[in-house]
Amino acid sequence: LRVMSFNAQSIKNKTSELCSLLNYCKPDIVCISETFLAGKKPGENPKPDWIKDSEIFPDNYKSFRNDRNLKGGGVVILVEKSLIAVEKPTFVTKCELTWIKLQLKGRRELYIGCFYMPHRNLPDLQQLDLSLQKLNKSKAPHIILCGDFNCPDIDWESCTVTQNATQPNIQQYLIDIAIDLSLIHISEPTR
């Protein structure tokens, strides 16, 4: 299973670059933060003026979006259409987050989330924690959480916040969430 994650800082005007990247890397799952799209929320019908998936994403991927607006934010998970994926809006809380459940042949279910936290925003991090607690109570055994957490002062090797960090309490909270739920941080490409 090939998973790609990146921050787009607006995907709308980068469709040819996106298609080239996907054609070259051939990921099965793509998690994109800061999509700058509008009109679609998990578990809801799109708004009448929404930016259609077909305008942005290649047709061999199904999208699961949680948009903010055209000026910032938003997340999307793209799933290659040969895979069986279901949106899980029951785990989405009041932050920029979306979840899917992926059913892999002969394997246990895999939950994949994409999260974006603008700056170091405590309410968003609390909502992420709430979402992960809901997911944990559902006994979801396998989780991949991707996104842009905007906590650059974390040393994931030692699970500490570096000296002179901006808003160290928020960054420590992210570490605590990861430790409490036994999440592992991957900071380098694995391929």
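In this predicted model, a good place to begin is the residue just after helix α3, where lysine 139 adopts a positive phi of about 65°. Such a value stands out, because most residues other than glycine have a negative phi. Further positive values appear in the loops. Lysine 26, in the loop between α1 and β2 (29-33), has a phi near 50°, and with a relative accessible area of 55% this lysine is exposed. Asparagine 164, placed in the loop between β10 and α4, shows a phi near 60° and is likewise exposed, at 80% relative accessibility. Just after α4, serine 182 also has a positive phi, of about 55°.

Helix α3 itself can be checked against its expected length. At 1.5 Å a residue, its 16 residues should span 22 Å, and the C-alpha atoms at its ends are indeed 22 Å apart. The buried residues of α3 are Asp124, Leu125, Leu128, Asp129, Ser131, Leu132 and Leu135. Because these residues cover an arc of only 160° around the axis, they sit on the same side of α3. Their cover includes the strands β6, β7 and β8 (143-148), together with helix α4.

Helix α4 can be described along similar lines. Its 13 residues reach 18 Å from the first C-alpha to the last, close to the 18 Å expected at 1.5 Å a residue. Buried in α4 are Ile170, Gln171, Leu174, Ile175, Ile177 and Ala178. Seen down the helix axis, they fall within an arc of 155°, so they line one face of α4. On the other side of this helix, Asn169 and Asp180 are exposed. Among the elements that cover the buried residues of α4 are α3, β9 (154-155) and β10 (160-161).

Both helices also take part in the largest nonpolar core. This core has 22 residues, and those that touch the most other members are Leu97, Trp99, Phe115, Leu125, Leu128, Leu132 and Leu174. Two or more core residues come from each of β6 (96-103), β7 (110-116), α3 (122-137) and α4 (168-180). A second core, separate from this one, holds 15 residues, including Cys31, Ile112, Cys114 and Cys146. Phenylalanine 115 offers a closer look at the packing. Beyond its neighbours within four places in sequence, phenylalanine 115 is in contact with Ser33, Val75, Cys95, Glu96, Leu97, Asp124, Leu128, Leu145, Cys146, Gly147, Asp148 and Phe149.

Asparagine 66 gives a view of a polar residue in a buried setting. This asparagine lies in strand β3 (residues 61-66) and is buried, with a relative accessible area of 3%. Its side chain is joined to that of lysine 41 by a polar contact of 3.1 Å. A polar atom of the asparagine 66 side chain also lies 2.6 Å from the backbone oxygen of leucine 97. Leaving aside neighbours within four places in sequence, the residues in contact with asparagine 66 are Lys40, Lys41, Pro42, Gly74, Val75, Val92, Cys95, Glu96, Leu97 and Thr98. Leu97 and Cys95 are thus found in this list, and Leu97 and Cys95 also appear among the contacts of phenylalanine 115.

The cysteines invite a question of their own: how many disulfides does a search of the whole structure find? The count is zero. A disulfide is a covalent bond between the sulfur atoms of two cysteines. For cysteine 19, the closest cysteine sulfur belongs to cysteine 25 and is 13 Å away, so the distance is too far for a bond. Cysteine 19 is partly exposed, with a relative accessible area of 27%. Cysteine 114 is in no disulfide either, and its nearest cysteine sulfur, in cysteine 31, is 4.7 Å away. Cysteine 114 counts as buried, at 0% relative accessibility.

Helix α1 (residues 15-25) completes the tour, with serine 20 placed in it. At 47% relative accessibility, serine 20 counts as partly exposed. Serine 20 is 15 residues from serine 5 in sequence, and their C-alpha atoms are 15 Å apart in space.

Conventions. Residues numbered from 1 in each chain as written. Predicted model: local features only at pLDDT ≥ 70, side-chain atom pairs only at ≥ 80, totals over all residues. Heavy atoms only, no water. Core = buried A, V, L, I, M, F, W, Y, C linked by side-chain atoms within 4.5 Å. Buried < 20%, exposed > 50% of the residue type's maximum accessible area, 1.4 Å probe, protein only. Helix = DSSP H or I, 4+ residues; strand = E, 2+ residues; numbered from the N terminus. Contact = heavy atoms within 4.5 Å. Disulfide = S-S within 2.5 Å. Expected span 1.5 Å × (residues − 1). Arc of directions from axis to C-beta. Polar contact = N/O pair within 3.5 Å; in protein donor to acceptor, adjacent residues only side chain to side chain.
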